[in-house]
Amino acid sequence: MNILVINPNISLSVTELIHNEARRAALPDTRITMATAPFGVAYIETPGEAAVGAYATLQLLAQQQADHDVAVIAAFGDPGVAAAKELLDIPVVGLTESAVAAAFLLGGRFAIVGISQRIGAWYVQTVEQLGLSSRMTGYRGLKQGFASVGTVQQEARDVLREMCLSCVEQDGADSIILAGAPLAGLAREIAADVPVPLIDGVGSAIRMAEALGRAGYTPRRSGAMSPPPAKAHQGLKDGLASLIGRQP
């Protein structure tokens, strides 16, 4: 099993966090290839930034998808995931949809904890698009700044843990998603301090990717998510042009 994992942010320190947690979650025979966005922002926080990250992600997927069984787009909010599912023949999964799927299967209602308050509105919209708003108790994000996105979970560990406890005690959450690649691995480290399951987006996505990759589903050949129709295009490079206008 070969999994291509894309970090749509430009932060190499976050790519390392993703890689470390992906390896912990993966089966022994799974091979993981990491790729980091060559342009964009340090961490995606708004829909506008997500659009930039999605374009960078699609370029990387076009360049590197060959010889991989499945791809993971490792940013919460799932930038570019829906488009990649249409363009690629291999399965593509995102952190949000994978973590929310895990919360759904665990049962009850879930909360999301993240690294900023600003990002919360976008995360709520993402859950709405997945059709599971009724299962979400709410979002809590850090009010404080941080020195580096690669070390935010160490800098704000105590605050993040207290927010998780508040999700349980005040909001009635039955599970909690720790949102975003910068928090990869934190769920495992503070699980003993929180009385409900903590869900890591990276770990969830890797396990879901392995399941889809091993299932051997055939690529779509018709319907709304089949490859886009052939048409004139201009200015697409680095393999992306080959994904536009493929015949089903």
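Select A22 to start: A22 is buried, with a relative accessible area of 0%. Buried stands for under 20% relative accessible area, exposed for over 50%, and partly exposed for what lies in between, with a 1.4 Å probe and protein chains only. The model is a predicted one, in which local features need pLDDT of at least 70 and side-chain atom pairs count only at pLDDT 80 or more, while totals for chains, interfaces and linings use all residues. Numbering starts from 1 along each chain as its sequence is written, and side-chain values use heavy atoms, with hydrogens and water left out.

A22 belongs to helix α1 (residues 12-25). Helices (H or I, at least four residues) and strands (E, at least two) are DSSP runs, numbered from the N terminus. Now show the residues around A22. Not counting residues up to four places away in sequence, A22 touches I32, V202 and I206; contact means heavy atoms within 4.5 Å. For a distance across the model, pick A121 as well: A22 and A121 are 99 residues apart along the chain, and their C-alpha atoms are separated by 27 Å.

Go next to V5. Leaving out residues up to four places away in sequence, V5 touches I18, I32, T33, M34, A35, V72, A74 and I206. I32 and I206 are thus on the list for V5 and on the list for A22.

V5 also leads into the largest nonpolar core, which has 63 residues; V5, V72, I112, I176, I177 and I206 touch the most other members. A nonpolar core is a set of buried Ala, Val, Leu, Ile, Met, Phe, Trp, Tyr and Cys residues joined through side-chain atoms within 4.5 Å. Which helix should be coloured to see the largest share of this core? Helix α7 (residues 157-169) supplies that share, with six residues. Another core, of 17 residues, lies apart from the largest one, and among its members are L4, I6, L58 and L60.

Select N9 next, in the loop between β1 (2-7) and α1. Is N9 buried or exposed? N9 is buried, at a relative accessible area of 5%. Setting aside neighbours within four places in sequence, its contacts are T36, A37, V41, A42, Y43, I44 and A75. A distance to draw here runs from N9 to V52: the two are 43 residues apart along the chain, with 9.5 Å between their C-alpha atoms.

Two aspartates come next. D67 sits in the loop between α2 (47-64) and β3 (70-73), and D78 in the loop between β3 and α3 (81-87). D67 is not a glycine, yet has a positive phi of about 70°. D78 is not a glycine either, and has a positive phi of about 55°. D67 counts as exposed because its relative accessibility is 70%, whereas D78 is buried at 12%.

Move on to Q125 in helix α5 (residues 120-129). Q125 has 39% relative accessibility, so it counts as partly exposed. Add G77 to the selection: the C-alpha atoms of Q125 and G77 are separated by 8.8 Å, with these positions 48 residues apart along the chain.

Finally, zoom out to the whole chain. Its secondary structure comes to nine helices and eight strands. The radius of gyration, taken over C-alpha atoms, is 18 Å, close to the 18 Å from the globule rule for 248 residues, so the chain is as compact as a globular protein of that length. That rule is 2.2 Å times the number of residues to the power 0.38. Along the principal axes, the C-alpha atoms fill a box of roughly 55 × 35 × 35 Å. Of the 248 residues, 53% count as buried. Among contacts with a separation of 6 or more, 68% are between residues 24 or more positions apart.
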